[in-house]
Each structure stands twice: as structure tokens, then as C-alpha cells.
Amino acid sequence: MPDAVRSPIHARRNRFRRVFASRGVLLVAFAFSVMADPVSSVAYAVEAALRALGGDLSLLLATMGLVVAIIALVIVNYRQLISRYPKGGGASAAVGQAFGDGWSFIPIGALVVDFVLTIAVSVSAGASAAIAYFPALAPWRIEIATVLLLVVAAATLFGHLGRVIFAGMTLTFIVLTAAVLLYGLGVTPQAMGTITDTAPHVPIVAVLLAFPVAMALATGVEAPSTAIAELGQLDDAGRRRFGRLTLWLTLGVVGTITIGLAVELVHLRIGIPGPNTTQIAELARVVAPAPLFGAFQLATALLLLAAASSAFQAGPGMLKALARHARSDGRIVGILPAALGRTNSRQTPFWGVATFTVLSAAIVIIAGASDQSLVLFYAVAVFLSFLGGLLAMARFSFREGRRASLFLNVVGAVVVLFTLIMNLSRGLPLISLGAALVISTVLHQIWVRSGRPEGVRSIQAASTVKS
């Protein structure tokens with residue numbers, strides 16, 4: 001082939017390779033940073049399920065299998081939401097378009113509660129991971145969790161941490177977890193912790209009462225539907241593709257780790273741990289060499305802090321998007337005090353960070369920094385948001401005559417509603433639901449008094465875009 005012909009061909013090939021490589025790096029960085037929250041939840045969700053089962057290991061795998069199946073159903077439905085809103089928007093955009101802007105405040109209020117609890121649970125679980133490695137630190141559990149919370153809050157003031165850092169933490173945890181599980185294959189079972197032969201109820205009832213506790217694994221599943229708003233370098237088709245791939249990767253990673261841990265915990269007979277350790281820490285302690293155990297605990301703690309940091313960015317970002325501010329055309333929009341929209345030199349809304357710091361610290365202190373106590377209140381808020389999004393998608397499917405999508409949306413909404421009801425039947429989660437509805441109602445009333453300004457349904461997307 002003549003050089004004159006070969007040169008343009010090589011140039012096009014090199015250009016294609018560079019684009020492909022950069023897109024690949026961007027996808028990995030985006031996907032594995034966004035899934036930090038659900039991946040980190042395995043640090044406490046599996047143990048929470050076993051505690052709800054009364055220590056009956058024989059039902060743990062069925063319980064976690066049901067949890068993963070429900071997450072898969074939510075993800076299948078959220079693929080449609082991403083396709084409809086490639087510029088971000090999430091449940092608030094869908095609910096606002098389907099039922100009117102005022103209804104958008106329900107998923108918004110639910111997510112505010114979810115972000116506060118994510119921070120509180122994550123730093124508390126981070127303290128538990130540290131105490132599992134250094135048991136002598138147990139008397140200072142609350143202090144450790146509070147310090148971790150303040151460190152993450154302070155780091156947030158320095159701006160958004162890069163996606164690559166979050167992705168690196170998530171990938172490190174995944175690799176180390178895989179190593180721990182591989183080591184466990186060659187270990188002889190030895191019963192430890194509290195194990196019972198019978199759950200507090202007949203098996204099917206026990207599983208139905210226990211699985212909502214472990215639905216903490218579902219928190220963060222909705223993140224790609226809003227986080228794609230950050231991908232300004234991509235067109236709509238690219239954002240749709242990245243969002244859908246991230247959802248499938250999240251299901252694959254979270255599902256594999258969760259089922260892998262459940263199988264190995266049952267096989268090795270590792271039950272409910274003592275007060276100063278965690279179930280997955282005991283698994284790693286039993287099966288892995290000391291250096292791997294130390295690295296695993298460190299990676300667990302860092303990933304949990306990454307999940308807290310993610311919530312520290314999303315929560316204040318939402319308050320900033322709701323704060324009164326002047327648009328480019330001079331119009332004043334927003335409903336909350338303008339102070340919540342003020343940012344420092346790093347474009348971080350510092351009063352919003354302060355608000356979430358105070359709320360999360362109060363919850364940590366009240367709960368004694370016990371992640372296993374806090375997880376009982378978790379997942380309710382995000383499932384309220386899921387329910388709104390799926391009902392909105394069902395309405396769209398009905399209007400557009402898409403029967404297959406309508407069937408999928410309705411099944412998803414029914415399962416999410418059932419999960420929500422089963423969670424609320426335990427009593428304590430009613431506090432989380434009440435808090436979400438109170439926040440939603442207050443925001444709605446402020447919105448009405450402000451003259452019902454437009455743009456409410458786009459708050460989730462606006463909160464993720466950097467200024």
C-alpha cells in the first residue's frame with residue numbers, strides 16, 4: 001500500500017484508539033465511583049440480614065438472593081428512566097413530569113433523608129472496621145465516627161474528589177474482597193459467633209421480615225440516573241450508554257460480592273459477631289493472612305468514607321440547587337435561603353455541608369455510632385424515591401401504549417411497595433418515612449408560597465452539575 005494512502009488510515013486508526021481508550025477510562029472512572037455507595041453497603045448489610053434472622057445461617061443465602069433479585073428489578077426499570085432523561089433528572093424529573101412539579105418534592109425529601117443516613121451509617125461502619133482491627137479503640141466508637149465525619153466534611157470543602165480516586169477505592173475493595181473469598185475456599189469450617197438453628201419465625205416469614213434490612217445494598221442504585229448529568233463531554237446517546245452500563249456493572253459487582261460473601265459465611269459457619277467486630281471482618285480474619293486482613297479492613301474503611309463523601313457532595317448540591325439565585329436572564333429562582341447556595345473558591349456550598357454535618361453528627365451520637373442500629377432506619381427513604389420513579393414510568397408507558405414496559409414498571413412498583421411495607425412493619429423505619437414526608441411537605445409549602453417557580457423537577461440533575 002502506498003505511503004500516501006497508508007498514512008491517513010493509520011491516523012484514523014490512532015484517533016479511534018485514542019477515543020476508545022479515553023472513553024474506556026472515563027467509563028471505568030464514572031462507573032466505579034458511582035457504585036461506591038452500594039458496594040460499600042456489603043460491609044454491614046449481610047450482617048444486618050443475619051441479625052434480623054436471629055442468627056439462622058441456613059436462611060441467609062435465600063435472604064440475600066431475594067435482595068439481589070429486587071435490586072436487579074429496580075435496575076431493569078431504571079434503565080428506562082435513564083433512556084428518557086439522558087441529561088440526568090432521576091426520580092424527581094419523572095415524578096414531576098408525570099404527576100406535576102409539586103409531587104417532585106417527595107423523592108427530593110426522601111433523598112435528603114437518604115443522604116443524611118448514608119453519611120451517618122458510612123462513618124459509623126468505618127469506625128466499626130477500625131475497631132475490628134484495633135479492638136482497644138472500642139470505648140471511643142462515637143468519637144472515632146464523629147472524627148471521621150468531620151474529616152470527610154472538611155475534605156468536601158476542598159471540592160469534588162476526582163472520579164478516579166473514588167473508582168480506585170471501589171476497585172481496591174473489590175479486588176481484596178475477591179482475594180479474601182478465594183482464600184476462604186481452602187479453609188475448614190469452624191463455627192464462630194452467634195448461630196441458631198431456627199429463626200424467630202417460620203422460614204418464609206423470617207426471610208420476608210429480614211430482607212428489607214439488607215436492602216441498604218440498594219442505596220446508590222439510583223445514582224447513575226442523576227450522575228450522568230456530569231458527563232458533559234458526551235452526547236445524549238453516550239450518556240445513556242454510560243448510565244445503562246453502570247447500572248449493569250453495579251448489579252454484577254454488588255450481586256457477585258453479596259452472594260459470594262453469603263455463601264462463604266454460611267459454609268464457614270461465621271455467625272453474628274461480638275460487639276467489637278463485624279461479620280465480614282471475622283471472615284477476613286479467619287481465612288486471610290494478616291497482611292491481607294489489614295489491607296482489607298483499610299480498604300473497607302476508605303470505601304465507606306468514599307460513600308459518605310459522595311453523599312456529602314450530593315446532599316449540599318441539592319440544597320444549593322433549591323437555594324434562591326439569579327438566572328442568566330435576571331430572574332430570581334429557588335425557594336430556600338440564598339446562603340445555602342453560597343460556595344467557596346472550590347465551588348463547594350459550605351452552608352449545605354455544615355447542615356449535613358450537624359444532622360449526620362446528631363444521628364451518629366444518638367445511635368451510639370452503631371451501624372447495625374442505624375441500618376434499621378436505612379433504605380426506607382430511597383425506596384420511597386424508587387416507588388415514585390417507577391409509578392411515573394408506569395404512567396408514561398401506559399400513555400404511550402408500551403405494554404411490555406408497563407408490565408415491567410408495574411411489577412417493579414409492586415415489589416418496591418411490598419419491600420417498603422415490610423420494612424415499615426418493623427416499626428422503627430416509620431421514623432425515616434415520617435422525616436422524608438415532613439421535609440417534602442415543608443419544601444412543597446415553601447415552593448407554593450414562592451409562587452411555584454419552575455425547575456423543581458430538574459433539581460436532582462442540577463445538583464450534580466459542577467458550577
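Which residue's side chain makes a polar contact with the side chain of S128? Keep that one in mind as you go through these close-ups of a predicted model.

**View 1. S128 pairs up with D371.**
The answer to the opening puzzle is D371: its side chain and that of S128 make a polar contact at 2.6 Å. S128 sits in helix α6. Its relative accessibility is 4%, which is under the 20% cut-off, so S128 counts as buried. Setting aside residues within four places in sequence, S128 is in contact with R141 and T278 as well as D371. Hang on to T278, since that residue comes back in the next two views.

**View 2. A132 is another buried residue of helix α6.**
Here we stay in helix α6, where A132 is found. How much relative accessible area does A132 have? The value is 0%, so A132 is buried. Look around A132 and you'll find N276, T277, T278, A281, R285, F293 and Q297 touching it, with residues up to four places away in sequence left out. Now try finding A72: A132 and A72 are 60 residues apart in sequence, and their C-alpha atoms are 32 Å apart in space.

**View 3. T278 caps helix α12.**
Which end of α12 does T278 cap? It's the N-terminal end, where a side-chain oxygen of T278 lies 3.1 Å from the backbone nitrogen of A281. The helix itself covers residues 279–287 and is mostly covered, with seven of its nine residues buried. Those buried residues are Q279, I280, A281, E282, L283, A284 and V287. You've met A281 already, as one of the residues that A132 touches.

**View 4. L60 sits in the largest nonpolar core.**
This core has 151 residues, and L60 and F383 are the ones with the most contacts inside it. Which helix supplies the largest share of the core? That's helix α6 (residues 105–133), with 17 residues. As a general rule, nonpolar side chains in soluble globular proteins tend to be buried together. Zoom in on L60 and you can pick out what it touches: V46, A49, L50, L53, A262, L265 and V266, not counting residues up to four places away in sequence.

**View 5. Helices α7 and α14 pack against each other.**
Do α7 and α14 run roughly parallel or antiparallel? Helix α7 (residues 141–156) and helix α14 (residues 350–366) meet at an angle of about 170°, and their axes are 10 Å apart. That angle is over 145 degrees, so α7 is roughly antiparallel to α14. On the α7 side, the residues involved are I142, A145, T146, L149, L150, A153 and T156. Facing them from α14 are V353, T357, S360, A361, V364 and I365. Sort the residues of this contact by type and you get nine nonpolar, four polar and no charged. For a hint about the spacing of those numbers, remember that an α-helix has 3.6 residues a turn, so residues three or four places apart point the same way.

**View 6. T246 is buried in helix α11.**
Helix α11 spans residues 236–268, and T246 lies in it. With a relative accessible area of 0%, T246 counts as buried. Leave out residues up to four places away in sequence, and T246 touches L27, F30, A31, V34 and P224.

**View 7. R269 and R452 have positive phi values.**
Where is R269? Look in the loop between α11 and α12. Phi of R269 is near 60°, a positive value in a residue other than glycine. Its relative accessibility is 33%, so R269 counts as partly exposed. R452 isn't a glycine either, and its phi is about 55°. You'll find R452 in the loop between α18 (430–449) and α19 (459–464). At 48% relative accessibility, R452 counts as partly exposed.

**View 8. G54 lies in the loop between α3 and α4.**
That loop runs between α3 (42–52) and α4 (60–84). Is G54 buried or partly exposed? Its relative accessibility is 28%, so it counts as partly exposed. G54 touches T196, P200 and I272, leaving out residues up to four places away in sequence. Also look for A206: it is 152 residues from G54 along the chain, yet their C-alpha atoms are separated by 8.9 Å.

Conventions: Residues numbered from 1 in each chain as written. Predicted model: local features only at pLDDT ≥ 70, side-chain atom pairs only at ≥ 80, totals over all residues. Heavy atoms only, no water. Core = buried A, V, L, I, M, F, W, Y, C linked by side-chain atoms within 4.5 Å. Buried < 20%, exposed > 50% of the residue type's maximum accessible area, 1.4 Å probe, protein only. Helix = DSSP H or I, 4+ residues; strand = E, 2+ residues; numbered from the N terminus. Contact = heavy atoms within 4.5 Å. Polar contact = N/O pair within 3.5 Å; in protein donor to acceptor, adjacent residues only side chain to side chain. Axes fitted to C-alpha atoms, helices over the stretch in contact; angles between N-to-C directions. Parallel < 35°, antiparallel > 145°, perpendicular 65-115°, else oblique. Nonpolar A, V, L, I, M, F, W, Y, C, P; charged D, E, K, R; others polar.
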